[in-house]
Amino acid sequence: QVQLVESGGGLVQAGGSLTLSCAASGIIFSINAKGWYRQAPGKQRELVAGITRGGNTYYADSVKGRFTISRDNAKNTMYLQMNSLKPEDTGVYYCNAGPSLWYSHSSWGQGTHVTVSS
């Protein structure tokens, strides 16, 4: 129903910043939560930041205080501002949407790669 395209990843040195964007198109129906997920090498995909339709935000402990999730409803775009990046933040970042922040998505896009060098 919804196509989500992530962009903004790249190679950055530790301590640097990146802003990821997630542009949505297609049919959006009864979506209450949107989130950013990452899959690090050798790790399972995890929710790192989320935002509900009401504006409540969630951050994984590992990124709390460093990442900020936001959205521009007019542009149908979600963002993830990542500051003070660490090598542990390296991975493929995906965005997705569903009825809750903890919805088990079955479909994922290409994601955008983030590599943080030490």
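A residue counts as buried when its relative accessible area is under 20%, and as exposed when that area is over 50%. The legends below use these words for a predicted model.

**View 1. Glycine 35 lies buried in strand β4.** Glycine 35 belongs to β4, which spans residues 33–39. Its relative accessibility is 0%, and the cut-off for buried is under 20%, so glycine 35 counts as buried. Leaving aside neighbours within four places in sequence, glycine 35 is in contact with Leu47, Ala49, Gly50, Ile69, Met78, Tyr94, Cys95 and Asn96. Tyrosine 103 is 68 residues away along the chain, and its C-alpha atom is separated from that of glycine 35 by 10.0 Å.

**View 2. Six strands form an open sheet with mixed pairing.** The order across the sheet is β2-β10-β9-β4-β5-β6, so the strand of View 1, β4, sits between β9 and β5. Strands β2 (10–13) and β6 (57–59) stand at the edges; each has a single partner strand, so one side of each is left without a neighbour in the sheet. From one strand to the next, the twist averages 20°. Strands of a sheet pair through backbone hydrogen bonds, and the pairing is either parallel or antiparallel. Within this sheet, β9 (residues 91–98) and β10 (residues 112–117) run antiparallel and are joined by 3 bridges. One residue pair to look for is glycine 91 with its bridge partner in β10, valine 114.

**View 3. Four strands form an open sheet with antiparallel pairing.** Here the order is β1-β3-β8-β7. The edge strands, β1 and β7, each pair on one side only. The twist from one strand to the next averages 15°. Strand β3 (residues 18–26) pairs with β1 (residues 2–7) over 6 bridges, in the antiparallel sense. Another 6 bridges join β3 to β8 (residues 77–82), and these two strands also run antiparallel. Cysteine 22 of β3 takes part in both pairings: cysteine 22 is the bridge partner of glutamate 6, and in β8 the bridge partner of cysteine 22 is methionine 78.

**View 4. A disulfide joins cysteine 22 to cysteine 95.** A disulfide is a covalent bond between the sulfur atoms of two cysteines. How many disulfides does a search of the whole structure find? The search finds 1. In this link the S to S distance is 1.9 Å, and the angle about the S-S bond is 70°, a right-handed link. The pair links distant parts of the chain: cysteine 22 is in strand β3 and cysteine 95 in strand β9, 73 residues apart. Both cysteine 22 and cysteine 95 are buried. Cysteine 95 is also among the contacts of glycine 35 in View 1.

**View 5. The largest nonpolar core holds 23 residues.** Which members touch the most other members? They are Trp36, Ile69, Leu80, Met82 and Tyr93. The elements giving two or more residues to this core are β3, β5 (46–52), β7 (67–72), β8, β9 and β10. Strand β3 gives the largest share, 4 residues.

**View 6. Tyrosine 93 touches residues from many places along the chain.** Not counting residues up to four places away in sequence, tyrosine 93 touches Glu6, Leu20, Trp36, Tyr37, Arg38, Val48, Phe67, Leu80, Met82, Gly111, Thr112 and Val114. Among them, Trp36, Leu80 and Met82 are also named with tyrosine 93 in the core of View 5. Glu6 and Val114 appeared in the earlier views as bridge partners.

Definitions and conventions
Residues are numbered from 1 along each chain as its sequence is written. This is a predicted model: local features need pLDDT of at least 70, side-chain atom pairs count only at pLDDT 80 or more; totals for chains, interfaces and linings use all residues. Side-chain values use heavy atoms; hydrogens and water are left out. Two strands pair if DSSP finds at least two bridges between them. Axes are lines fitted to C-alpha atoms, for helices over the stretch in contact, and angles run from 0 to 180 degrees between N-to-C directions. A disulfide is a pair of cysteine sulfur atoms within 2.5 Å. Buried means under 20% relative accessible area, exposed over 50%, partly exposed in between (1.4 Å probe, protein chains only). A nonpolar core is a set of buried Ala, Val, Leu, Ile, Met, Phe, Trp, Tyr and Cys residues joined through side-chain atoms within 4.5 Å. Contact means heavy atoms within 4.5 Å.
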